[in-house]
Amino acid sequence: METIQFEHPLARSLLTEMRDRRTTPDRFRALAYRLGFMLAVEATREIETVPVSVDTPLETIMGEKVAEPPVLVPVMRAGLGLLPPFLELIPGAETAFVAVRRDEETGEPRWLYDSSPDLAGRNTIVLDPMLATGGTAKAVVNYVFEKGTKHVTLVSITAAPRGLEALVEYENLTIITVSVDRELNADLFILPGLGDFGDRLFGRPGKGSDE
Ligand code: URA
């Protein structure tokens with residue numbers, strides 16, 4: 001496993017506004033879109049291209065085009081907030097859907113639903129904005145590797161040390177995060193974190209805030 005901490009002043013500034021408890025859901029979605037776009041650029045840094053010839057108005061040169069777009073795997077609900085900017089940058093990407101719910105008592109992941117294209121030999125990008133215990137991320141990473149994925153890039157916005165630790169065993173895994181946060185609280189929310197990402201996106205005041 002390789003961890004990349006995405007360093008950019010605009011990313012830190014967007015994250016700060018997302019953390020702010022006063023940020024409304026419509027603003028939160030806009031911020032998630034902008035930050036997601038920056039992360040999409042980073043997550044596709046190693047994307048394979050093939051040479052193509054292109055006629056400019058003045059001459060013919062060799063350029064490049066994407067060989068095979070990765071498969072996107074947003075983990076519901078929170079991952080849906082990052083899907084639009086990734087699809088904007090990589091419009092040819094197929095999307096797999098997985099719904100895994102963290103049991104609020106035990107913190108263990110419960111698999112609810114999945115639907116994916118053929119992942120054999122493909123690169124996948126898993127969108128899981130809050131890497132807390134790593135339980136859900138691990139279940140999804142196992143799922144895509146079992147389906148034959150050759151490399152996984154896991155995109156999170158904040159990650160807890162415990163979540164990163166849970167994933168160290170995977171060789172073909174790159175984790176991109178904007179911030180490695182301090183720890184988890186007793187309810188397994190990331191501190192300082194930004195509360196329940198799904199609730200912040202979709203407008204339900206959530207656990208992890210005192211609204
Ligand atoms: N999921 C969230 O949405 N927030 C956390 O802090 C942890 C998991």
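**Exercise 1. Which pocket holds the space taken by the ligand?**

*Solution.* Keep in mind that you're looking at a predicted model. The space taken by the ligand is the largest pocket.

**Exercise 2. Find the residues around the ligand, then sort them by type.**

*Solution.*
Step 1: Pick out the neighbours. The residues around the ligand are Arg102, Met130, Ala132, Leu188, Phe189, Ile190, Gly195, Asp196 and Phe197.

Step 2: Sort them. This shell splits into 6 nonpolar, 1 polar and 2 charged residues.

**Exercise 3. Which backbone atoms come to 2.8 Å from an oxygen or nitrogen atom of the ligand?**

*Solution.*
Step 1: Go to Ile190. One of its polar backbone atoms sits 2.8 Å from an oxygen atom of the ligand.

Step 2: Move on to Gly195. Here a polar backbone atom is 2.8 Å from a nitrogen atom of the ligand.

Step 3: Try Phe197. A backbone N or O atom of this residue is 2.8 Å from an oxygen atom of the ligand.

Step 4: Now check the cover. On its own, the ligand has 240 Å² of accessible area, and the protein covers 88% of that.

**Exercise 4. Work out whether Leu188 is buried or exposed, and check its phi angle.**

*Solution.*
Step 1: Locate it. Leu188 is in the loop between strand E14 (183-184) and E15, and you've already met it as one of the residues around the ligand.

Step 2: Apply the cut-off. Leu188 has 16% relative accessibility, so it counts as buried, since buried means under 20%.

Step 3: Look at phi. For Leu188 the angle is near 65 degrees, a positive value in a residue other than glycine. Compare that with the general pattern: most residues other than glycine have a negative phi.

**Exercise 5. Where are the cis peptide bonds that lead into Arg77 and Pro192?**

*Solution.*
Step 1: Start with Arg77, which is in the loop between strand E4 (71-76) and helix H3 (83-89). The peptide bond from Met76 to Arg77 is cis, and its omega is near -5 degrees.

Step 2: Now take Pro192, in the loop between strand E15 (190-191) and helix H6 (197-202). The bond from Leu191 to Pro192 is cis too, with omega near 0 degrees.

Step 3: Put this in context. Most peptide bonds are trans.

**Exercise 6. Describe the surroundings of Arg122 and Thr149, two buried loop residues.**

*Solution.*
Step 1: Place Arg122. You'll find it in the loop between strand E7 (109-115) and strand E8 (123-127). Its relative accessible area is 10%, so it is buried.

Step 2: List contacts of Arg122. Its side chain makes a polar contact of 3.4 Å with the side chain of Glu68. A polar atom of the Arg122 side chain also lies 3.5 Å from the backbone oxygen of Asp118.

Step 3: Place Thr149. This one is in the loop between helix H4 (135-146) and strand E10 (151-155). Thr149 is buried because its relative accessibility is 6%.

Step 4: Find a partner for Thr149. A polar atom of its side chain is 3.0 Å from the backbone oxygen of Val144.

**Exercise 7. How far apart are the C-alpha atoms of Val98 and Pro9?**

*Solution.*
Step 1: Find Val98 in strand E6 (residues 97-102). With 0% relative accessibility, Val98 counts as buried.

Step 2: Go along the chain. Val98 and Pro9 are 89 residues apart, and their C-alpha atoms are separated by 32 Å.

Conventions: Residues numbered from 1 in each chain as written. Predicted model: local features only at pLDDT ≥ 70, side-chain atom pairs only at ≥ 80, totals over all residues. Heavy atoms only, no water. Near = heavy atom within 4 Å. Polar contact = N/O pair within 3.5 Å; in protein donor to acceptor, adjacent residues only side chain to side chain. Areas by Shrake-Rupley, 256 points an atom, 1.4 Å probe, with all protein chains shown as cover. 1 Å grid on protein atoms, 1.4 Å probe; cavity = no way out; pocket = protein on both sides within 12 Å on 5 of 7 lines; lining within 4 Å. Sits in = over half its atoms within 2 Å of the grid points. Nonpolar A, V, L, I, M, F, W, Y, C, P; charged D, E, K, R; others polar. Helix = DSSP H or I, 4+ residues; strand = E, 2+ residues; numbered from the N terminus. Buried < 20%, exposed > 50% of the residue type's maximum accessible area, 1.4 Å probe, protein only.
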